[in-house]
Amino acid sequence: MAPLKNVTVIGASGNVGKPVVDALLKAGFNVTALTRKSSSATFPSEVKVQSVDDSYPSDQLVAVLKGQDAVINLLPPMSVEQHNSIADAAAEAGVKRFIPSEFGSDTTSPKIVELVPIFGNKTAITNYLKTKESSGLSWTAVVNGAFFDWGLHSGILGFDLKTNTATIFDDGEAILNATNLSDVGQSIVTILSKPEETANKFVFIQNIKTTQNQILAALEKSTGKKWTVKNRSAAEARQTGGQKLGKGDMSGIPDLIVGGIYSGEPAADYATTRGLSNDLLGLKEYPLQQLIDQAIKA
């Protein structure tokens, strides 16, 4: 397969998009940000910006994707139809590699999808991509667990860095697989640099495999303070999140996801059940205290 150098990123201004774009630029890729016409997002001067109507119409997508080697779709996977339409346009435009909005838990596990039903959208999108292989559009899906640095700072992992308060789910011993956003970006660079080795497959990466109790101990060491601890049930979080989402309240998604992350389900530990692609993608695991100290300083 010829080198993949021209890359379009959809959702380039988001939490994942920014480090992905930074990594691609640093590696010398030609990066285009595909935005909605209503978007006011700004990008580095090296990034070419192409805009389409907010509904992402197929004819406009095909026009802007011609001449592109790869598409990275980072839009929230709430609409399977929308994501499949973008894949159709990529295939019609002659794009060679499509990276879907996977980035998270192991959705190849039926048990994980059962715990967090909205992950079924990701499964449906990837299954649709498999039907496009015969048209010349290959794909790679990235499973990176939680975004470790972002998860600590946002509080979604259960730790409030401002108030030194931890919300521990169940006994705090559920396995957490996680990756820093910068290494998620680096994984994309290597996938596009090794197109044959990464074609039509899931890749599994992590910087750390740990537990909430271990994170709490590292945070107390790094901050030099005793943290306040609250307790919550992972099952209750999933139930609460699911009820909110069932009523159309998107604020239920974090509860649903964190309840899945800390479910304690053995299938959630993809490093054990699937194995890691770290060596293939040139990524490393790091000591927990090192990652915690870096997050605190940031």
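Visitor: Which residues is Leu192 in contact with, leaving aside its neighbours within four places in sequence?

Guide: Happy to start there! This is a predicted model, in which local features need pLDDT of at least 70 and side-chain atom pairs count only at pLDDT 80 or more, while totals for chains, interfaces and linings use all residues. Residues are numbered from 1 along each chain as its sequence is written, and side-chain values use heavy atoms, with hydrogens and water left out. With contact taken as heavy atoms within 4.5 Å, the partners of Leu192 are Leu4, Val7, Leu24, Phe29, Ala70, Arg97 and Ile99.

Visitor: Which element gives the largest share of the largest nonpolar core?

Guide: Such a core is a set of buried Ala, Val, Leu, Ile, Met, Phe, Trp, Tyr and Cys residues joined through side-chain atoms within 4.5 Å; buried means under 20% relative accessible area, exposed over 50%, and partly exposed in between, with a 1.4 Å probe and protein chains only. This one has 32 residues, with Val9, Leu24, Ile72, Ile188 and Leu192 making the most contacts inside it. Elements are DSSP runs numbered from the N terminus: helices (H or I, at least four residues) and strands (E, at least two). β1 (6-10), α1 (17-26), β2, β4 (70-73) and α7 (181-193) each give two or more residues, and the largest share, six residues, comes from α7.

Visitor: Why does Ile156 count as partly exposed?

Guide: Ile156 sits in the loop between α6 and β8 (159-160). Beyond residues up to four places away in sequence, Ile156 touches Trp150, Gly151, Pro254 and Val258. Ile156 counts as partly exposed because its relative accessibility is 25%.
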